[in-house]
Amino acid sequence: IRVRPLTCTETRRGDRRVVHSLGDGAVHVSATSPPGGRRGLRHPLSCRCPHAQVSAARHDATFGFSAVFDAGASQEAVFEGSGMRQLVELAIDGFSCTVFAFGQTGSGKTYTLMGPLAQSETQPASPALLGLMQRSFTCLLEQSRSRGSDLALSASYLEIYNEQVRDLLSLGPPCALPLRWSKTRGFYVENQLSVDFESLEAIVSLLLQGSQRRRTSAHALNRHSSRSHALLTIHIRSRAGGQSITPPSRVPQASACPSKQGTLCFVDLAGSERVKETGSSGELSVEANSINRSLLALGHCISLLAKPRGKRTHIPYRDSKLTRLLARSLGGSGITLMVACISPSSHCLSETLSTLHYASRARRVTTRP
Ligand code: ADP
Ligand code: MG
């Protein structure tokens, strides 16, 4: 869970902070006041039960998670404390790894993944503010160098806008790509561009290039609100023996050092929101409805996946493009880190509670990597 600081607008409006980290992965949401002076309190979640304990006061609830990052937490603390570094290492080892950022519009999803760079086109963000993505790239390239460059890296970048999949790296106006299914590959996007890279500069420039092409619209909650779900995937091919993978003919006994293929996928979900609150109308409300529809489909899949294995029914991945593309990360053999972003403001109370409930359900999903 990441709680962002109150924004200037929220402070000026006199919003109260209703989200408090209790330490040890517990977070308390209160419409009244923090329970018994916050820290050190023995609350009902000390056993890390994933279900929220809702107290008598209507909106009071305590939730337990693997980690909670309060408003003061640095980008580095989030990278180190969320397990992101381990996820990068697992991807190098050949696993499919995914990081999701989800939460209400304006809750800090893009900030957490990319830092404030998307907001300032003119000057680059200070290194301390770089997000999970750039930190992961650095970590990946360091590992690649230390392994004697036996990793081949490439990236693809897609967005799902109004239920259409579009390539953010292809030149020219974004056109819709077909989403297909095959027995061997599962769901995949046809004709998706994949660009090789070897340096941090190259991948950061791909990220910037793609992000600038994302559909954003200004509305009441966030001046640069992302109106699409964006998926940046890094494909990592490595050879266990440490030999160079090019040219392949020089590698002796290919079977003795099988190549591994891992992926590291960053998903910046468009914000959940109620149309009324964001002042959306016309085209914006069509967008909001398709965003909400795919988030609902995602929530539905997560709820079903969270059931014990024996009780699971059919998982409706086909209900939206988003769930189709994420099928492998959600229920397959992948390892997934979900970062729920929330605002501490009293104004966002009900959205915050629904994000936390969503996150609690997601936490119960287990996959078999
Ligand atoms: P979202 O992507 O969820 O719609 P953003 O990441 O764009 O939201 O964040 C909304 C605003 O809040 C931005 O101006 C961003 O810079 C600011 N913000 C978000 N998280 C933090 C944080 N942890 N520290 C400082 N500012 C933040
Ligand atoms: Mg965003």
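## A walk through a predicted structure

Let us start at the very beginning of the chain: leaving aside residues up to four places away in sequence, Ile-1 touches Phe-65, Ala-67, Val-68, Phe-69, Ala-340, Ile-342, Leu-356 and Ala-359. Keep in mind as you look around that this is a predicted model. Ile-1 belongs to the largest nonpolar core, which has 44 residues, and together with Leu-298 it touches the most other members. There is also a second, separate core, made of 39 residues, and Met-114, Phe-197, Leu-232 and Leu-264 are among them.

**The chain as a whole**

Now step back and take in the full chain. How many helices and strands are there in the chain? You can find eleven helices and 17 strands. The chain has 369 residues, and buried residues make up 50% of them. If you take the contacts between residues at least 6 apart in sequence, 70% join residues at least 24 apart.

Phe-63 gives you one pair to look for. Phe-63 sits in strand 5, which covers residues 61-64. Its C-alpha atom is separated by 5.4 Å from that of Val-27, although the two residues are 36 apart along the chain. Is Phe-63 buried or exposed? With a relative accessible area of 0%, Phe-63 is buried.

**An annotated binding site**

An unreviewed UniProt entry carries the annotation "binding site" for Gly-103, Gln-104, Thr-105, Gly-106, Ser-107, Gly-108, Lys-109 and Thr-110. To find Gly-103, look in the loop between strand 6 (96-102) and helix 4 (109-114). Gln-104 lies in that loop between strand 6 and helix 4 as well, while Thr-110 is found in helix 4. The C-alpha atoms of Thr-110 and Gly-131 are separated by 8.4 Å, and these residues are 21 apart along the chain.

Here is how some buried residues look in terms of relative accessible area:

| Residue | Relative accessible area | State |
|---|---|---|
| Gly-103 | 6% | buried |
| Gln-104 | 3% | buried |
| Thr-110 | 17% | buried |
| Phe-63 | 0% | buried |

Why does Thr-110 count as buried? Its relative accessible area is 17%, and a residue is called buried when this value is under 20%.

**Helix 5**

Next, find helix 5, which runs over residues 132-146. A quick check of its length works nicely: at 1.5 Å a residue, its 15 residues should span 21 Å, and this agrees with the model because the end C-alpha atoms are 21 Å apart.

Why is helix 5 described as largely enclosed by the rest of the structure? Eleven of its 15 residues are buried, so the surrounding structure encloses most of it. Those buried residues are Leu-132, Met-133, Gln-134, Arg-135, Ser-136, Phe-137, Cys-139, Leu-140, Leu-141, Gln-143 and Ser-144. After helix 5 comes Gly-148, which has a positive phi, near 70°.

**A pocket to explore**

Finally, turn to the second largest pocket, which holds about 1200 Å³ of space. It is lined by 45 residues, and Thr-233, His-235, Ile-236, Gly-262 and Thr-263 are the closest to its centre. Which strand gives the most to the lining of this second largest pocket? That is strand 7, residues 151-161, which contributes six residues.

Technical notes. Residues numbered from 1 in each chain as written. Chains lettered and ligands numbered in written order. Predicted model: local features only at pLDDT ≥ 70, side-chain atom pairs only at ≥ 80, totals over all residues. Heavy atoms only, no water. UniProt positions renumbered as here; feature names shortened; annotations may be inferred. Helix = DSSP H or I, 4+ residues; strand = E, 2+ residues; numbered from the N terminus. Buried < 20%, exposed > 50% of the residue type's maximum accessible area, 1.4 Å probe, protein only. Core = buried A, V, L, I, M, F, W, Y, C linked by side-chain atoms within 4.5 Å. Contact = heavy atoms within 4.5 Å. Expected span 1.5 Å × (residues − 1). 1 Å grid on protein atoms, 1.4 Å probe; cavity = no way out; pocket = protein on both sides within 12 Å on 5 of 7 lines; lining within 4 Å. Points joined across faces, edges and corners; volume = space filled by probe spheres on them.
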